[in-house]
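Here is a short tour for anyone who likes to read a model through its contacts and surfaces. Take a look at the structure first, then follow along below.

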Amino acid sequence: MGLFDHVATAPPDPILGTSIAYNADADPRKINLGIGAYRNEGGKPYVLECVKKAEEAILADTGTAVNKEYSTIDGPPKL
């Protein structure tokens, strides 16, 4: 008997289910809004104008670039 054999399987995650539905949809006009980042036709993050303005203000203070991609589950690589 395995350590977790007594644990019931959880129901599918409704948020991740939107990704499954998106992938199954054949409509060429579809837009994936379920995973947290808007994407352009090339699959790159689409940055809203209000975010660009906020970033300009941040960069004026920090002087560094801001990466809009999500990090991996174990965090960003050590530099």
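## Rings, surface and a helix

There are zero aromatic pairs in this structure, which is a predicted model. A ring does have a charged companion, though: Lys 30 sits over the face of Tyr 22, 4.3 Å from the ring centre.

Let us turn to the chain as a whole. Its secondary structure amounts to two helices and zero strands. Some totals for the chain are gathered here.

| Property of the chain | Value |
|---|---|
| Share of the 79 residues that count as buried | 5% |
| Exposed area | about 7300 Å² |
| Share of the exposed area from carbon and sulfur atoms | 62% |

On that surface, which residues form a nonpolar patch? The members are Ile 31, Leu 33, Tyr 38, Tyr 46, Leu 48 and Val 51, and together they have about 610 Å² of accessible area.

Val 51 links the patch to a helix, since this residue is placed in H2, which covers residues 49-62. Is Val 51 exposed or partly exposed? Its relative accessibility is 37%, so Val 51 counts as partly exposed; the range for that class lies between the 20% limit for buried and the 50% limit for exposed.

As for H2 itself, the helix has 14 residues and spans 20 Å from its first C-alpha to its last. That is close to the 20 Å expected at 1.5 Å a residue. Just after H2 comes Gly 63, with a positive phi near 70°.

Note on methods: Residues numbered from 1 in each chain as written. Predicted model: local features only at pLDDT ≥ 70, side-chain atom pairs only at ≥ 80, totals over all residues. Heavy atoms only, no water. Patch = residues over 30% accessible without salt bridge, like charges linked within 9 Å, V, L, I, M, F, W, Y side chains within 5 Å. Areas by Shrake-Rupley, 256 points an atom, 1.4 Å probe, with all protein chains shown as cover. Salt bridge = Lys/Arg side-chain N within 4 Å of Asp/Glu carboxyl O. Helix = DSSP H or I, 4+ residues; strand = E, 2+ residues; numbered from the N terminus. Buried < 20%, exposed > 50% of the residue type's maximum accessible area, 1.4 Å probe, protein only. Expected span 1.5 Å × (residues − 1). Phe/Tyr/Trp six-rings, centres within 6.5 Å; stacked < 30°, edge-to-face > 60°. Lys NZ or Arg CZ within 6 Å of the ring centre and 35° of its normal.
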